[in-house]
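Please open the model in your viewer and set it to a cartoon representation, with side chains ready to be shown on request. The stops below are meant to be taken in order.

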Amino acid sequence: MNTEKDFSPLTPNIVRALNDKLYEKRKVAALEIEKLVREFVAQNNSTQIRHVIQILASEFALSQHPHSRKGGLIGLAACSIALGKDSGLYLKELIEPVLTCFNDSDSRLRYYACEALYNIVKVARGAVLPHFNLLFDGLSKLSADPDPNVKSGSELLDRLLKDIVTESNTFDLVSFVPLLRERIYSNNQYARQFIISWIHVLESVPDIHLLDYLPEILDGLFQILGDNSKEIRRTCEVVLGEFLKEIKKTPSSVKFAEMANILVIHCQVADEAKLTNDLIQLTAMTWMREFIQLAGRVVLPYSSGILTAVLPCLSYDDRKKNTKEVASACNNSLMKLVTPEDDEDTEEERGGSTGSPSAGEGQPKMEGDGNDMLNASQESVGLSNISFFTPASSDRPHVTLDLDGIVQVLNRHLHDSSTGMMTRIAVLKWLYHLYIKTPRKMFRHTDNLFPILLKTLSDESDEVILKDLEVLAEIASSPAGQTEQASSCDITDNKLVLKVPDGPKAVQQPSTASKAVDSSPSTPSMNSYFYKFMINLLRRFSLDRKLLENRGAFIIRQLCLLLHAENIFHSMADILLKEEDLKFASTMIQTLNTILLTSAELFQLRNQLKDLHTQESCALFCCLYRSWCHNPVATVSLCFLTQNYKHAYDLIQKFGNLEVTVDFLMEVDKLVQLIESPIFTYLRLQLLDVENNPYLIKALYGLLMLLPQSQAFQLLSHRLRCVPNPELMRTVDESKYMDSKKQAACKRSAHTQVDYNELLQHFDRVQSKHLEVRHQRSARASDHHDRKLM
């Protein structure tokens, strides 16, 4: 430094001492500067004061010489001490050169700068708050300083500044938040500790309403929550806990909507291997639960994003039990927010077309473009792979359910083979809930959902299948599913063609929703999706025989509970009547017959068929009979059930013309076992009335003659040996007995409108087709065998 340069009012001795390498000499110079400035203050000579500060800043603190910079720093601190309360008038000139020295490469100089600023702030106190951002910015850098002495000095300055902010009621939070939002994303551990400590302090000050700006820093807080330092994580947990307590106290002033997406992001685990992510996810999920409960329908526009985050957590194991429980609470609370009012058209929908959307219109895209609703502009570090949903109605005055987005999320989870069982159950519960609460809008998505719902019937879990059947049953029976067009669903496949039968057997389509509800079970009349469901279910059974074998009976029994047994059997019989795959038709009839005869769910239908005293019961019997003809033994059992013993005997007489195979004999064996079951108790009791039931006995003897010497043969033979002598059972007057017999016959014929001759002819035609198909199959097998030998 040029010592001959004029530095007045600083004397040459002061200037020389400030440039000295010894701290003690610089300290002596600082005391002289303090004395000089005090004189200027007494004289109210602000010009000279500014001149002294300007010399110390430009010629010393910002000098190229390190000892000069040290002298300048101690000199500026001395000026501040001398100015006292008046230092606030010169703070900008005092602080800026000191902060510049924070970036010095010399750690000792950084320490002296920290010391100087501490003295300046200590004197000025609240007057430094207008310069708080500059101080905070400088301190945030020193908090990560590698030198322990510098860090120690910065911590002293930090505590002093926190005390000043806590005591003040003039802190400018508005101008500070942008800086805080910028610095909160620092990855440095010490910088994070500094940031979180300041947020903790500001949040605890009653007059500083940091909660109003929480949306600006919430994402950064969750980033800090994932820090490797246990201490930092603990502090961050405390801060987030305090914010959540305040949110619960004053929910009306909370900006829930602005923070919903942030929580959605952090509810999703980007890297499950990191244990800190579990803490982030659990905390975010806890916040989400509280938001849903406190904000209510305000979060509905974000429901698709919330479900994206929540649903996978429902399948967590006990290692993440807490997260799973909180996610379940979120899911249940969100589901309760959906109400029938969400089925009403919005103003935009009313202004557009009122008709049903065309193919692809109004439907969520399920494949290929699943990220169309994702917001890729994420500022947060490390969140590029996280699903982030933009609310569909963020600028609307009324909260609107994002139904398209929800259905897209649910559909995607059903399609994903890695989706856990509990998640699939939750997805199906959501679909069922939406069909109940918003049926009209949901039916716009039914064509897209229908295939995956049918595929889900092959799920490994019975509980999943049960929920899936509930959804399908609701689709098939909801009045909202009524359409003006006929329900002719021609489904063509290389292996199977199923068509809705023509004529009166087809399901009637009522013109109004009330008709669908009030219609008689005797005339199945569900909505337009019911027959489509039945056709596709049989199609699936045909293509997946394991499904039919392992779950077919279970599925059909549950559907009988959900959609009324007569509807199920009536429609399936109609469809199978036109089935071209005769082997499948026979297998399917055998399955249906076993369910009809053995399942508790079919008790009412069995009673309806037991006595054909009404036109409806006769029509139902004829409908079933025509399809049951695909399986001769099942047809006989149907006749036993309906007490058509003469017709059963006539059918058995025709068995001599059929091809008796091992499978055929096994079915007869099963029928004998069924006759001994509680279902046919009434039939066994009728064996006591020999004279009124001669054809029953003949039919049973016919079955006995069909059987080889086996256990079933012995069982039935023993039963028939127990049939009493008719003479011994006659206990009334002969004339009265005959009169009652005639009256019973007349009563039965009066109510029974069944052409049994026509039914026998139908049986012959069906069995002829079966015989022809078997011959063709045998011929093809023989030709194939001959070609192999050649």
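What follows is a tour of this predicted model, going from the whole chain to individual helices.

Start with the entire chain in view, where 38 helices and two strands can be picked out. Of its 790 residues, 51% count as buried, and among the contacts with a separation of 6 or more, 75% are accounted for by residues 24 or more positions apart.

Next, select residues 303-310, which form helix α15, together with residues 321-337, which form helix α16. The two helices pack at an angle of about 150 degrees, their axes lying 10 Å apart, and that angle makes α15 roughly antiparallel to α16. Show the side chains at the contact, which is made by S303, I306, L307 and V310 on the α15 side and by A327, C330, N331 and L334 on the α16 side. The crossing of this pair is left-handed.

Now move along the chain to residues 545-563, helix α25. Although this helix has 19 residues, its end C-alpha atoms are only 24 Å apart, short of the 27 Å that a straight helix would reach at 1.5 Å a residue. Where is the kink in α25 centred? Select R551, on which a kink of about 65 degrees is centred.

Stay on R551 and display its surroundings: with a relative accessibility of 18%, R551 counts as buried, because the cut-off for that class is under 20%. Leaving aside neighbours within four places in sequence, R551 is in contact with D459, E460, S461, D462, I465 and K546.

Widen the selection to the other buried residues of α25, including L547, L548, F554, I555, I556, L559 and L563. The buried residues of this helix pack against α22 (462-477), α24 (528-543), α26 (565-577) and α27 (582-598), so colouring these four helices separately will help in following the packing. Just after α25 comes H564, whose phi is positive, near 75 degrees.

For the last stop, select residues 615-628, helix α29. Its 14 residues should span 20 Å at 1.5 Å a residue, and the end C-alpha atoms are indeed 20 Å apart, which agrees. Helix α29 is largely enclosed by the rest of the structure, because 10 of its 14 residues are buried. Those buried residues are S617, C618, L620, F621, C622, C623, L624, Y625, S627 and W628.

Terms used. Residues are numbered from 1 along each chain as its sequence is written. This is a predicted model: local features need pLDDT of at least 70, side-chain atom pairs count only at pLDDT 80 or more; totals for chains, interfaces and linings use all residues. Side-chain values use heavy atoms; hydrogens and water are left out. The expected span of a helix is 1.5 Å times one less than its number of residues. The bend at a residue is the angle between axes fitted to the seven residues ending there and the seven starting there. Buried means under 20% relative accessible area, exposed over 50%, partly exposed in between (1.4 Å probe, protein chains only). Contact means heavy atoms within 4.5 Å. Axes are lines fitted to C-alpha atoms, for helices over the stretch in contact, and angles run from 0 to 180 degrees between N-to-C directions. Angles under 35 degrees count as roughly parallel, over 145 as roughly antiparallel, 65 to 115 as roughly perpendicular and the rest as oblique. A crossing is left-handed if the near helix is turned anticlockwise from the far one by less than a right angle, and right-handed if clockwise.
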